[in-house]
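Reader: I should be grateful for a close examination of one part of this structure. Please concentrate on a single helix and describe its surroundings in a connected account.

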Amino acid sequence: MPSAERPPSPLTPLSASEEGFVRALGRVMMLLPRAVDTDMLRDAQLPLSEYTALMHLSEAPGGHLRMNELATVCNLSLSGMTRVVNRLEKQGFVQRAKCDEDGRGWNAVVTDQGLARLEKAWPTHLASVRRHVLDHLDPGDLPRLTDALRHIVPGVGSGGRDA
């Protein structure tokens, strides 16, 4: 029978351990970015969204990414990324440049001032990530946890299929 005509498979309730994991993961996904953002604002006066954009730009070849690519790696919508880049541009940390490839799109380009700002904020980010995440894990847990998370991410947004 074609897949469109197959009756849906019955749903299997989550086990107690599955339910506990899903709820804990959800809590981490909601609260961890807020906690790191709070630390970044308090101690580095740089929101996590701006730090993340500067970080990705600093790692990109030539220090630039198309706006849609930057939005993707920062997990933001294009309009959200535009607002972040607008703020960074006003501070002199980023410039916009027409894309050489087609002349239609725009690149965000990190400036020397932006790199200096990233370097200044990096210790705060490092300390926050260590305090909120790494200090709670055994070093032996990291490879297994990293592998498990990498298996989850490809399936997100693809109907549960690995991309």
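Author: The account below follows helix 2 through its contacts with a neighbouring helix, the sheet and the nonpolar core.

The model is predicted. Helix 2 spans residues 48-59 and packs against helix 4, residues 78-90, at an angle of about 85°, the two axes lying 10 Å apart. Helix 2 is therefore roughly perpendicular to helix 4, since angles from 65 to 115 degrees are classed in that way. On the side of helix 2 the contact involves S49, E50, A53 and L54, which meet M81, V84, R87 and L88 of helix 4. By type, these residues comprise five nonpolar, one polar and two charged.

The sheet is the next neighbour to consider. It is open, with three strands in the order 1-3-2 and antiparallel pairing. Strand 1 (64-66) and strand 2 (94-98) form its edges, each pairing on one side only. The twist from one strand to the next averages 30°. Helix 2 packs on this sheet and touches strand 1, strand 2 and strand 3, its direction making about 90° with that of strand 3. Helix 4 also packs on the sheet, where it touches strand 2 and strand 3, and its direction makes about 115° with that of strand 2.

There remains the largest nonpolar core, which has 25 residues; L54, L70 and M81 touch the most other members. Among the elements that each supply at least two residues are helix 1 (16-44), helix 3 (67-73) and helix 5 (112-132). Helix 2 gives the most, with five residues. The contacts of L70, leaving aside residues up to four places away in sequence, are A53, H56, L57, L65, M81, V85 and A108.

Definitions and conventions
Residues are numbered from 1 along each chain as its sequence is written. This is a predicted model: local features need pLDDT of at least 70, side-chain atom pairs count only at pLDDT 80 or more; totals for chains, interfaces and linings use all residues. Side-chain values use heavy atoms; hydrogens and water are left out. Axes are lines fitted to C-alpha atoms, for helices over the stretch in contact, and angles run from 0 to 180 degrees between N-to-C directions. Helices (H or I, at least four residues) and strands (E, at least two) are DSSP runs, numbered from the N terminus. Angles under 35 degrees count as roughly parallel, over 145 as roughly antiparallel, 65 to 115 as roughly perpendicular and the rest as oblique. Contact means heavy atoms within 4.5 Å. Ala, Val, Leu, Ile, Met, Phe, Trp, Tyr, Cys and Pro count as nonpolar, Asp, Glu, Lys and Arg as charged, and the others, Gly among them, as polar. A nonpolar core is a set of buried Ala, Val, Leu, Ile, Met, Phe, Trp, Tyr and Cys residues joined through side-chain atoms within 4.5 Å. Buried means under 20% relative accessible area, exposed over 50%, partly exposed in between (1.4 Å probe, protein chains only). Two strands pair if DSSP finds at least two bridges between them.
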